Amino acid sequence: MGKPAGFLEYERKNAKVEKPLERISHFCEFRTPLSLKEQQEQGGRCMECGVPFCQNGEMLAGMASGCPLHNLVPETNDLVYSGNWKQAYERLSKTHCFPEFTSRVCPALCEAACTCNLNGEPVSTKENEKTIIEHAFASGWVLPKPPKVRTGKTVAVIGSGPSGLAAAQQLNRRGHLVTVYERKDRIGGLLRYGIPNMKLEKELLDRRIRLMEAEGVIFKTGVDVGRDISPEELKKQYDRIVLACGASNPRDIQAPGRDAGNILFAVDFLSSVTKSLLDSGLKDGQHAPVKGKHVLVIGGGDTGNDCVGTAIRLGAKSVTQLEMMPRPGETRAASNPWPQWPKVLKTDYGQEEAIALFGHDPRIYQTTVKEFRKDKNGNVKKAVIVSLESKKDEKSGRMMMAPVEGSEKVIDAELVLIAAGFLGSQPYVTEAFQVKVNPRTNVDTREGGYETNVPGIFTAGDMHRGQSLVVWAIQEGRQAAKAVDRSLMGYTN
């Protein structure tokens, strides 16, 4: 290690964050990185533990602990401390396709598993990673790596989200000729239209796509596979196919009045805002009207928070966010020890902005919608919300959240955004390819495998494992690429 007992000498220091009431005036990123010298000190806080849980990436108590990509975190942190930035970039690139994405949108599973969490603050591995990749781009080290030899094999990747892009990059660098199909007008999938610009500016995505094009990857947009082109046509053109279409089947809310206008799925709302931003700087009006409206967000996860931050930037009069589960504690419970993922209260950027703007946290816990009420034009006007309590279901014996009688309240809701998660892959794709799905409608494979029941058809990402994190999607794409390579070549390099 570069600095024995560095965690005692250096305190954790984070990038400077623009104040909430200032950053809500724009859709740009709002974190200013530390200087290289300051970031090197942060690398010195890493103690290169004998058992580095940060790079473990295993499931503990149903949640991931450590990096699923198995980035060699102590190695890269030590290289950061010693100022060997180019070597740090090369080390990170051995396990990671797109650190410029995860260093912005990942919840930092590596830091949650950091040993320093036991008695202090974790090493700032996420910001170390961001500095490594951005310094590498600025220094001209990130260059196209086209394969020296082509295998003559062809692969189609369906979907251009993080798993599809990761699979495409790895297969192309192996020497296979890869074509990526995307049904939207731009490449990126979830990265493009599911994550707001203030978390991931799209020029960063375009920068990576340009590199992949220079390496030989072919991108085709506006092609909805299963509708615009059939699986049979693709099978004739390509030796292997990778389905990486995401878990894009949103979970709905079943309540009276659900057919009212201005009730939207969260990702549809976020997508329309990002597209309008990219097309016209929000001048074309091609997104749901938000200005001056009472906005209700149903769902307490990352997507719900993104809806809160986006609605505020678009001029919402108020924002309320409903969360079915109880409010987490400020500190770990005894039943949630390190290195498990900490189940503690997290106040994200959107909620911080709501607190600063409206004077209170937008979240209401243990609550759901019982009924939507319409105005004379058929648009949603109000919502009847009801408190929930944990009860045992008499039939199944499982604990469930049940409505509390007499707890109903009526609130204003002129735009409702449903961020209740996803139910798996969309049927028209799986049915077109005749691939089996499991009870959760994720594409089925043998355990640890990526090939479907249809020979030559593979799957990766959320379509395979269900709704998850970008870092898991990248890992899935890399592993699926290995499986495809082995299938084509008889071994994998």
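**Exercise 1. Placing a leucine**

Leu 314 is found in the loop between α14 (302–313) and β11. The model is a predicted one. Decide whether Leu 314 is buried or exposed, and state which residues Leu 314 is in contact with beyond its sequence neighbours.

*Solution.*
Step 1. Take the relative accessibility of Leu 314, which is 13%. Buried means under 20%. Leu 314 therefore counts as buried.
Step 2. Set aside neighbours within four places in sequence. The contacts of Leu 314 are then Phe 27, Phe 269, Val 273, Leu 282, His 287, Val 290 and Lys 291.
Step 3. Check one separation. Gly 281 and Leu 314 are 33 residues apart in sequence, and their C-alpha atoms are 12 Å apart in space.

**Exercise 2. A strand and its partner**

Work out why β10 (residues 294–298) can be called largely enclosed, then find which way its residues point and which strand is joined to β10.

*Solution.*
Step 1. Count burial. In β10, 5 of the 5 residues are buried, so the strand is largely enclosed by the rest of the structure.
Step 2. Sort the side chains. One way point His 294, Leu 296 and Ile 298; the other way point Val 295 and Val 297. Residues on both sides are buried.
Step 3. Find the partner. β10 runs parallel to β11 (residues 318–323), and 5 bridges join them. Fix the register with one pair: Val 319 in β11 stands opposite Val 295.

**Exercise 3. Testing a helix**

Compare the expected span of α11 (residues 202–215) with the distance between its end C-alpha atoms. Then list which of its residues are buried and what they pack against.

*Solution.*
Step 1. Use 1.5 Å a residue. The 14 residues of α11 should span 20 Å. Its end C-alpha atoms are 20 Å apart, so the two values agree.
Step 2. List the buried residues of α11: Lys 202, Leu 204, Leu 205, Arg 207, Arg 208, Ile 209, Leu 211, Met 212 and Glu 215.
Step 3. Name their surroundings. These buried residues pack against α6 (99–105), α8 (125–138), α9 (162–174), α10 (190–194), β7 (218–221) and α13 (266–280).
Step 4. Look just past the helix. Gly 216 takes a positive phi of about 115°.

**Exercise 4. Enclosed space**

State how many cavities of 30 Å³ or more there are. Describe the lining of the largest cavity and of the second largest cavity.

*Solution.*
Step 1. The count is 5 cavities.
Step 2. The largest cavity has a volume of about 190 Å³. Its lining has 21 residues, with Cys 67, Asn 71, Cys 110, Thr 125 and Glu 129 nearest the centre. Two or more residues each come from α4 (73–81), α6, α7 (109–112) and α8. α8 gives the most, with 5 residues. By type, the lining holds 11 nonpolar, 8 polar and 2 charged residues.
Step 3. The second largest cavity has a volume of about 120 Å³. Of its 18 lining residues, Cys 46, Cys 49, Cys 54, Cys 114 and Thr 115 lie nearest the centre. α4 supplies the largest share, 3 residues. Here the split is 13 nonpolar, 3 polar and 2 charged.

**Exercise 5. An open pocket**

Find which element gives the most to the lining of the second largest pocket, and how its lining residues divide by type.

*Solution.*
Step 1. The space in this pocket is about 520 Å³. Among its 21 lining residues, Gly 448, Gly 449, Tyr 450, His 464 and Gln 479 are the closest to the centre.
Step 2. β3 (58–60), α17 (462–465) and α18 (470–489) each give two or more residues. α18 gives the most, 8 residues.
Step 3. The lining divides into 6 nonpolar, 8 polar and 7 charged residues.

Terms used. Residues are numbered from 1 along each chain as its sequence is written. This is a predicted model: local features need pLDDT of at least 70, side-chain atom pairs count only at pLDDT 80 or more; totals for chains, interfaces and linings use all residues. Side-chain values use heavy atoms; hydrogens and water are left out. On a 1 Å grid over the protein atoms alone, a cavity is a set of points where a 1.4 Å probe fits but cannot get out, and a pocket is an open set with protein on both sides within 12 Å along at least five of seven lines; lining residues have an atom within 4 Å of a point. Grid points are joined across faces, edges and corners, and a volume is the space filled by probe spheres set on the points. Helices (H or I, at least four residues) and strands (E, at least two) are DSSP runs, numbered from the N terminus. Ala, Val, Leu, Ile, Met, Phe, Trp, Tyr, Cys and Pro count as nonpolar, Asp, Glu, Lys and Arg as charged, and the others, Gly among them, as polar. The expected span of a helix is 1.5 Å times one less than its number of residues. Buried means under 20% relative accessible area, exposed over 50%, partly exposed in between (1.4 Å probe, protein chains only). Contact means heavy atoms within 4.5 Å. Two strands pair if DSSP finds at least two bridges between them.
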